[in-house]
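Colleague: I'd like to learn how to read a model like this one, feature by feature. Could you take me through it?

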Amino acid sequence: MIRRLFRSFRNFVYEIDQLTRFSFKMVLSCFGRPIYISETMEQMYLIGIGSLFLVVLTGIFAGQAMALQFSNELADFGSKNYLGRIMSLAIIRELGPILAGLMVAARVASGITAEIGSMKSSNQLDALLSFGVDPIRKLAAPRLIALVVMVPVLTIICDVVAIVGGWIIAIFLSHITSTTYLSAVNERLTFGNVFMGVLKPVVFAFIIAFISCYKGFTTKGGTKGVGRSTTESVMIASISILIVNFILTKVVFSFLKGYL
Amino acid sequence: MIRLDKVNFGYNTEQVLHDVSFHIKPGESRIIMGGSGSGKSTILRLILGLDCPWSGEVYIDGENICGQKLKHLQEIRKQIGMVFQEGALFDSMTIAENVGYYLFEHTKKKESEIEQEARRMLEFVDLDPGIMDKLPEELSGGMRRRVAIARALLSTRPKIMLFDEPTTGLDPQATKNVMNLIRKLRKEENIAVIIVTHQIADALKLADKFVVIQKGRIVFDGDMDELRGSENPEVIKFLAPFRESISDVVKRNFV
């Protein structure tokens, strides 16, 4: 039992070590030549446009559900006019980044791992090497850049859509005036809140890129292995996003309390 | 040209190759035979510099390729063309993009020029250039294997070609086509060829020399006559099912 625990711990440390080394290589490969511009643009399109519908859909319904819950609760205290403030805070700081991060992790991380993993199992990565092409630079770097650009953009879209969802509930169900709701939202658009709302998706993008590419590049065991890597990739990326979200919230609270 | 000197290698902690040594001269052909998991494909990976041995050296043109910087290693690799198991074609690219991949990646040639070269190379491997716009999944196994050969040839004008199980999974006609193509490469281009296979009957017709590898150790290295006369029990056991094929080849060469 103890031996098994020790072995699991050793494997965990080994994996973390390998992931860290791989992540370093990925970041370094974004600099220097050749730069794969067309691949990066293609990935931006696939990640950004491909995830847009999903993010908009989840954003609007999550925003409405939240507004409904908050407005009912606030009504008990006669504070319905604060709905905009709470929505603005909750969505920009937490809900937007988390929702967009998890949606992209589910949709994009699985795709990246499956694509790179099946290339690995059919020797295509070795073929790239034999043609003098660095697979990390060719495949991983464009995906990293595309994610770092597109996840914050998707998050901002998610924020806007969720606030609009809340606005619909505020107007038609909670009977708050549009001006009251929007000015309350605007009041909480402070530097600290917006900074936290943009910092988080950037970090989540790195997490999704590192984990999904690493899992793809280390896939073993043919098609079954590709399936296993894909599942693990989504699972690890999602859990990591939730854990890192908590840590980032704590860190930002510690350092930027005055700006929040 | 290629020299492996007391190479030991493995994956994780499991040793796959034990003290492997052999030497290939320019223009020579060598078949590496052995059962599944005996370490045949690993030898090709080491020659291409995709892996580095635990101990021992791999020399290409007198230069030890291990520990070289990636840029220099790429220069060395330019002399070598590799046809991977099942071709390893890039499945999201068309046949034209696959064949011209090296030129797209490393030269500033126009797309039309690269397509022209890809067309010429497809004709060289006896394929209809009409397949240029198709995806690899639309081709048969034998055609994919020939596209992979065309891709390797167009890449760097190699002096050495490495074939990893070039005929595995192919029907007899496709096998014959690939074998003829390898023969044509040797005859017309004077390219040194290393073929890794466990399909002995086909391979015997292609090479000057043979290496038999069992459980990661070389148990035989020599020509056809030496192979026939070998008294090494491991060689005898390995070749027992193919005795008839060996006799056929010898007879044909003699006649």
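Modeller: Gladly. Let's begin with B:Glu137, which sits in the loop between H5 and H6 of chain B. Keep in mind that this is a predicted model.

Colleague: Is B:Glu137 buried or exposed, and how do I decide?

Modeller: Exposed means over 50% relative accessible area. B:Glu137 has 65% relative accessibility, so it counts as exposed. Sequence distance and spatial distance are also worth setting side by side: B:Glu137 and B:Asp91 are 46 residues apart in sequence, yet their C-alpha atoms are 7.0 Å apart in space.

Colleague: And which residue would show me the opposite case?

Modeller: Try A:Ser88, in helix H3 (residues 83-121) of chain A. Buried means under 20% relative accessible area, and A:Ser88 counts as buried because its value is 1%.

Colleague: What is A:Ser88 in contact with, leaving aside its neighbours within four places in sequence?

Modeller: With those neighbours set aside, A:Ser88 touches A:Arg93, A:Val185, A:Arg188 and A:Leu189.

Colleague: Let's step back. How many helices and strands does chain A have?

Modeller: Chain A has eight helices and zero strands, so its pattern along the sequence reads α-α-α-α-α-α-α-α. Its C-alpha atoms fill a box of roughly 70 × 50 × 35 Å along the principal axes. Of its 260 residues, 46% count as buried. Among contacts in chain A with a separation of 6 or more, 85% are between residues 24 or more positions apart.

Colleague: How do I read the way two helices pack?

Modeller: Look at the angle and the distance between their axes. An angle over 145 degrees counts as roughly antiparallel. Helix H7 (residues 191-217) and helix H8 (residues 222-255) of chain A pack at about 150°, with their axes 9 Å apart. H7(A) and H8(A) are therefore roughly antiparallel to each other, and H7(A) passes H8(A) in a right-handed crossing.

Colleague: Which residues meet there?

Modeller: From H7(A), they include A:Val203, A:Phe204, A:Ile207 and A:Ile211, and from H8(A), they include A:Ile236, A:Ala237, A:Ile241 and A:Val244.

Colleague: What are the angle and axis distance for H3(A) and H8(A)?

Modeller: H3(A) and H8(A) pack at an angle of about 150°, with axes 8 Å apart. That makes H3(A) roughly antiparallel to H8(A), and H3(A) passes H8(A) in a right-handed crossing.

Colleague: How can I check the length of a helix?

Modeller: Compare its expected span with the distance between its end C-alpha atoms. For the 28 residues of helix H1 (residues 2-29) of chain A, 1.5 Å a residue gives an expected 40 Å, and the end C-alpha atoms are 40 Å apart, which agrees. The buried residues of H1(A) are A:Phe22, A:Ser23, A:Met26 and A:Ser29, and what covers them includes helix H5 (135-172) and H7 of chain A.

Colleague: What does that check give for helix H7 of chain B?

Modeller: Its 18 residues (172-189) should span 26 Å, and the end C-alpha atoms are 25 Å apart, which agrees. Buried residues in H7(B) include B:Ala174, B:Val178, B:Leu181 and B:Leu185. Among the elements of chain B that cover the buried residues of H7(B) are helix H5 (111-124), helix H6 (141-156) and strand E7 (160-164).

Colleague: And what should I look for at the ends of H7(B)?

Modeller: At the N-terminal end, B:Asp171 caps H7(B), with a side-chain oxygen 3.0 Å from the backbone nitrogen of B:Gln173. After H7(B) comes B:Asn190, whose phi is positive, near 55°.

Definitions and conventions: Residues are numbered from 1 along each chain as its sequence is written. Chains are lettered from A and ligands numbered from 1 in the order in which they are written. This is a predicted model: local features need pLDDT of at least 70, side-chain atom pairs count only at pLDDT 80 or more; totals for chains, interfaces and linings use all residues. Side-chain values use heavy atoms; hydrogens and water are left out. Helices (H or I, at least four residues) and strands (E, at least two) are DSSP runs, numbered from the N terminus. The expected span of a helix is 1.5 Å times one less than its number of residues. Buried means under 20% relative accessible area, exposed over 50%, partly exposed in between (1.4 Å probe, protein chains only). Contact means heavy atoms within 4.5 Å. A polar contact is a pair of N or O atoms within 3.5 Å; within protein, one must be able to donate a hydrogen and the other to accept it, and residues adjacent in sequence count only if both atoms are side-chain atoms. Axes are lines fitted to C-alpha atoms, for helices over the stretch in contact, and angles run from 0 to 180 degrees between N-to-C directions. Angles under 35 degrees count as roughly parallel, over 145 as roughly antiparallel, 65 to 115 as roughly perpendicular and the rest as oblique. A crossing is left-handed if the near helix is turned anticlockwise from the far one by less than a right angle, and right-handed if clockwise.
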